[in-house]
Amino acid sequence: MSARAYNFAYLDEQTKRMIRRALLKAVAIPGYQVPFASREMPMPYGWGTGGVQVTAAVIGPDDVLKVIDQGADDTTNAVSIRAFFAKVAEVKTTTRTAEATLIQTRHRIPEHPLTSGQILVYQVPIPEPLRFLEPRETETRTMHALSEYGLMHVKLYEDIARHGHIATTYAYPVKVEGRYLMDPSPIPKFDNPKMHRSPALQLFGAGREKRIYAIPPFTEVVSLDFDDHPFTVQEFGAPCALCGAEGVYLDEVVLDDKGGHMFVCSDTDFCEDRRAQGFGPQVTEAAE
Amino acid sequence: MAAALAQGFADPVLDAQQAFRAVLMALAEPGAPRALPGLAHAPPPLPPVLAALALTLLDHETPVWLDRPLADSNAMKSWLAFQCGAPLSDDPARAAFALIAEPAGLPPLALFAQGTDAFPDRSTTILIAATPTRQSLTLTGPGIDGSRKADLPIRPSLVAEWAENRALFPRGVDVVIAGAGEIIGLPRTTRLARG
């Protein structure tokens, strides 16, 4: 069957209008989760149906699309979604962050700084940051209405009481523009500071949970913390084993069944770009 | 009559997508004009850019409130019914969208749906024609790096009203101003100051 059997970007026009209206409200109320009539997509929940619907409602023929999954352009989820839009919207795709106008992401923000005019679409599994603390939607909705977020601070405090530090490492809760508590999706807390006053427009889609939310450019995004336990990001002892980059998020790669492993950039495009520029592993004295 | 009714987007899919991107970026970067071509054969007295916005955003799910000049035009109402299928609402507090062709006649913002604290998204989005005169303003808020100076084509009294709208946050209305071939977004988060 040819792609022409579908409307441009797969969704019908009424669905797009519904999603577009939700997106406009989301931009006008940063961090607030706008309910929307999420559709069945030709992929299972958990594979990014929310992000795909947002992308489908936004994308145009002039867009250049990049899709990443945990920072990588070449994993199944990323390849499938990129191929999906190349087919149903006939858009150009890329793996290079700087060339993309639209980036759909699962659980990472690219290392290359985003610029004004770019749109970052996050795939979100559980949009409600309070859901694991309070299962009732009626209660969490009231908490958001009253801006009553003491429960989340108690959760972070209990982390400290139990572990001596805030042990939350991903989906680390943020406060948007001093008003709404927001789940940044399961990105590592390493990426949280990149959301703060980003020049790019950030859109979030949760398909199963039927919520859309957004952060406009240059919006305050503050990770929750305490005066005596300030927010910090992960640090890695060694640079990337392939490109030698420091200050980037690294993935552990298991090399054999004898405990061999190495840490490499989670952002594959960033790592490839650096290696193309001639960067390589840092040679250290400690190497035997 | 039938020919006039049939005047929609030349390409309903791609024209709507382009127009939506303009509205999205206009609200994401308040005060900065975004190019949006008007509809070639908009039914008077509906301005061409407002007509393009209506085609982009309105359908059977969105009750729409019309200002007096639009509500008095049967041709315009027939066009809206044919192209969008949007139900008309006499009560601005029940409207998802308001179409305002004559900006001097804009009712007080407080009459439109403001949303609730639990559902602030259940508010009216006002699509309004630009005024011939402009107000020199400084804008601050999300979407703006520091502050932005802009000459907004709105009536003078809207500046004071907007402060009241801003104070309701997260409730309140959002506004899209339609000029000649361009739009300007004014989401409820934006603060306006004279000068």
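**Entry 1: Terms and model**

I began by noting that helices, such as α1(A), are DSSP runs of at least four residues, numbered from the N terminus. I also recorded that the model I examined is predicted.

**Entry 2: The largest pocket**

I looked up the largest pocket and found a volume of about 510 Å³. I counted 25 residues in its lining, and I noted that Arg21(A), Lys25(A), Ala96(B), Asp121(B) and Arg122(B) lie nearest its centre. The elements that give two or more residues to this lining are α1 and β1 (34-35) of chain A. I then asked which element gives the most to the lining of the largest pocket. I found that α1(A) does, with five residues. When I sorted the lining of the largest pocket by class, I obtained 14 nonpolar, four polar and seven charged residues.

**Entry 3: The second largest pocket**

I turned next to the second largest pocket, which holds about 440 Å³ of space. It is lined by 22 residues, and I listed Gln17(B), Gln18(B), Ala19(B), Arg21(B) and Ala22(B) as the closest to its centre. Two elements of chain B, α2 (12-28) and β1 (34-35), are those that give two or more residues to the lining of this pocket. I noted that α2(B) supplies the largest share of that lining, namely eight residues. By class, I recorded 12 nonpolar, five polar and five charged residues in the lining of the second largest pocket.

**Entry 4: Arg21 of chain A**

I returned to Arg21(A), which is one of the residues nearest the centre of the largest pocket. I located Arg21(A) in helix α1 (residues 13-28) of chain A. Is Arg21(A) buried or exposed? I read a relative accessible area of 12% for Arg21(A), so this residue counts as buried, the cut-off being under 20%. I then set aside its neighbours within four places in sequence and looked up the contacts of Arg21(A). I found Gln14(A) in chain A, and in chain B Leu57(B), Leu58(B), Asp59(B), Glu61(B), Thr62(B) and Phe97(B). With one of these partners, Asp59(B), the side chain of Arg21(A) meets in a salt bridge, at 3.2 Å from N to O.

**Entry 5: Between the chains**

I examined the interface as a whole. I found 39 residues of chain A in contact with 41 residues of chain B. The area buried between the two chains is about 3,200 Å², and carbon and sulfur atoms give 64% of this area. I noted that Arg21(A), Leu24(A) and Lys25(A) supply 19% of the area that chain A buries against chain B, more than any other three residues. How many salt bridges are there between chain A and chain B? I counted five.

**Entry 6: Backbone details**

I searched chain B for cis peptide bonds. I found one joining Pro44(B) and Pro45(B), with omega about 5°, and I placed Pro45(B) in the loop between β1 and α3 (48-57). The peptide bond from Phe169(B) to Pro170(B) is also cis, with omega near 10°. I located Pro170(B) in the loop between α6 (157-167) and β7 (174-178) of chain B.

In chain A, I noted that Ser147(A), which is not a glycine, has a positive phi near 55°. Ser147(A) lies in the loop between α4 (137-146) and α5 (150-163), and I classed it as partly exposed because its relative accessibility is 30%. Phe218(A) has a positive phi of about 55° and is likewise not a glycine. I placed Phe218(A) in the loop between β9 (211-215) and β10 (221-223) of chain A. I classed Phe218(A) as buried because its relative accessibility is 18%.

Methods
Residues numbered from 1 in each chain as written. Chains lettered and ligands numbered in written order. Predicted model: local features only at pLDDT ≥ 70, side-chain atom pairs only at ≥ 80, totals over all residues. Heavy atoms only, no water. Buried < 20%, exposed > 50% of the residue type's maximum accessible area, 1.4 Å probe, protein only. Contact = heavy atoms within 4.5 Å. 1 Å grid on protein atoms, 1.4 Å probe; cavity = no way out; pocket = protein on both sides within 12 Å on 5 of 7 lines; lining within 4 Å. Points joined across faces, edges and corners; volume = space filled by probe spheres on them. Nonpolar A, V, L, I, M, F, W, Y, C, P; charged D, E, K, R; others polar. Buried area = accessible area lost by both parts, 1.4 Å probe. Salt bridge = Lys/Arg side-chain N within 4 Å of Asp/Glu carboxyl O.
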